[in-house]
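Here are my notes on the structure you sent. Please read them with the model open beside you.

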Amino acid sequence: MILSKNELSRISPANIELPNISSFDFPEKVLQFGTGVLLRGLPDYFIDKANKKGEFNGRIVVVKSTSKGDTAAFDKQNGLYTICVRGIENGKDANENIISSAISRVLSANEDWNEILLLARQPALSLIISNTTEVGIVLQEESIFSAVAPNSYPAKLLAVLNSRFKALKDAPPLVVIATELIPDNGGKLKSIVYQLAVFNEMSNEFIAWLDDNVTFCNSLVDRIIPGKPDASIQESLSVELGYEDELLIVAEPYRLWAIEADASTAEIIGLEKADSGVVIRPDIEIFRELKIRLLNGTHTLSCGIACLLGIDTVATGMKDSALNTYVSSLMTAEIVPAIPYEVDLKEAMAFSKSVADRFANPFIQHHWISITFQYSMKMKIRVLPVLMQYYKLFNRVPSHIALGIAAYLVFMTVKRKDINKYIGFAGAREYEITDDQAGYFYNKLEEDFDQFPGNVLKDSAFWEADLTLLPGFIEQAEENYHYITKNGIAAALGRINIT
């Protein structure tokens, strides 16, 4: 049996939270750019929960912007999918199976662009949500008046807003919430949309309408939701649930969607009462700093080490005593004291403890290799500000950060180029380097293999910062790089855990 609207009556509600049949008649109130598991497991989770409580009463139209994959599974399952929550919450086992009916349909930007523009004209539409990855909010000067969808997300958004303006100049207010993991995500998106409006010679009347009717919000999402479960987990969950679900996701119990907005905007959003994980405040910077430094920053500094060790998942890594010790020491000794924001020390230490527990969740198959996606960008955004703040406060080498960056350089050492793919090796294992900067590393290695680590670390244009101003750091990272390549990552870990 495949999960679908017609099969709901055959599914036992004993261990599964089923949707209310009335929810299928709710109006489409949300336009969402992105089909990924993070959106489906967090914002969409909250919308589904609010619908079941009778507080939001609206569904989501999802836009698939990339050419990869198709919408067949969503069509076949009527947008239904299962969220399996597994882990520890408040000291107790969390085990929930939730069938979400938040998504009404999935449209392709390439194939259904006119349908998307028509949806923008519906008065019921109140929210636009996006997660186009950290590289999605970029300025690409392009026309929004073509018959086909623009290439970039900000241009798509501007076209949608223009369609609404033309049809509904007196439409209800609209809230745009960015969830991409970059600072000031909503503010940057707004700035690009306005620049594109100028590029497209939009009227002053449209700009005034944009000012008065559309609110752009920064937001932070925090929930570990790996990609599609592997075959064995998928099979065991299908047996447990009694049906097949191609869109099933597994999520940890912890959940946070912090949205930066005032009280009137919170009313339009209409989700804060649904779950304590939805937090709407005028300032959310503390949430961003704790997450991006302690959870994401620790992930980033540890993933290269774990991959070089041959450890597949984060939970498995936490069973490795050497890696576990590294992660713990990294957070408490170097990241917590150097978070570049005024954070209460006790609060930061408590958050670091929760991060360690979340990493060790045995139900979450979060693969280290997936964390290396856009590795370079993550290093710059998540780690570099902590490194700079550490030197500002202590003016000495943070040894764990230095090792994490050395492991990153080892991981990014391209061994082979296959057409448009860059391949690295760890022992006898090979892996694809899924980083936009892989070509840069390949060229650096071709220029001077022996001086590769130093040349990269001294490249201020690459880092957008001058690491030569940090006494001893480049030398320590270089020394770690050569030690790893000669003696192996396990020996390097053992050495740092002793000091």
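1. Which cysteine sulfur is closest to the sulfur of Cys303, and why is there no bond between the two? The closest cysteine sulfur belongs to Cys307. The gap is 6.0 Å, which is too far for a bond. A disulfide here needs two cysteine sulfur atoms within 2.5 Å. Note that this is a predicted model, so the distance is a computed one.

2. The wider search gives a matching result. Over the whole structure, zero disulfides turn up. Two cysteines are worth selecting for their surroundings. Cys303 has a relative accessibility of 0%, so Cys303 is buried. Cys217 has 1%, so Cys217 counts as buried too. The cut-off for buried is under 20% relative accessible area.

3. Now the overall fold. The protein chain holds 21 helices and 15 strands. Its radius of gyration is 23 Å, and the globule rule for 499 residues also gives 23 Å, so the chain is as compact as a globular protein of that length. Along the principal axes, the C-alpha atoms fill a box of roughly 65 × 55 × 50 Å.

4. How are burial and contacts distributed? Of the 499 residues in the protein chain, 56% are buried. Among contacts with a separation of 6 or more, 76% join residues 24 or more positions apart.

5. On the surface and the charges: the accessible surface of the protein chain is about 21,000 Å². Carbon and sulfur atoms account for 50% of that area. The chain carries 47 positive and 63 negative charges. The mean positions of these two sets are 2 Å apart.

6. Please look at Ala261. It sits in the loop between β11 (256-260) and α9 (263-269). Is this loop residue buried or exposed? Ala261 has 9% relative accessibility, so Ala261 counts as buried. Leaving out residues up to four places away in sequence, Ala261 touches Cys217, Ile280, Arg281 and Pro282. One of these contacts, Cys217, is itself buried. Also compare Ala261 with Val250. The two are eleven residues apart in sequence. In space, their C-alpha atoms are 29 Å apart.

7. Ser4 deserves a check as well. Ser4 lies in the segment before β1 (28-33). Its relative accessible area is 10%, so Ser4 is buried. Which residues does Ser4 touch, not counting those up to four places away in sequence? They are Lys76, Gln77, Asn78 and Leu80.

8. Two residues call for a look at the backbone. Asp184 is not a glycine, yet its phi is positive, at about 55°. Asp184 lies in the loop between β7 (174-178) and α6 (185-199). Its relative accessibility is 41%, so Asp184 counts as partly exposed.

9. Asn395 is the other residue to inspect. Its phi is also positive, at about 50°, although Asn395 is not a glycine. Where does Asn395 sit? Its place is in the loop between α15 (375-394) and α16 (399-411). Asn395 has 51% relative accessibility, so Asn395 counts as exposed. The cut-off for exposed is over 50%.

Conventions: Residues numbered from 1 in each chain as written. Predicted model: local features only at pLDDT ≥ 70, side-chain atom pairs only at ≥ 80, totals over all residues. Heavy atoms only, no water. Helix = DSSP H or I, 4+ residues; strand = E, 2+ residues; numbered from the N terminus. Rg over C-alpha atoms; globule rule 2.2 N^0.38 Å. Buried < 20%, exposed > 50% of the residue type's maximum accessible area, 1.4 Å probe, protein only. Contact = heavy atoms within 4.5 Å. Areas by Shrake-Rupley, 256 points an atom, 1.4 Å probe, with all protein chains shown as cover. Lys, Arg positive; Asp, Glu negative; His and termini not counted. Charge placed at Lys NZ, Arg CZ, Asp CG, Glu CD.
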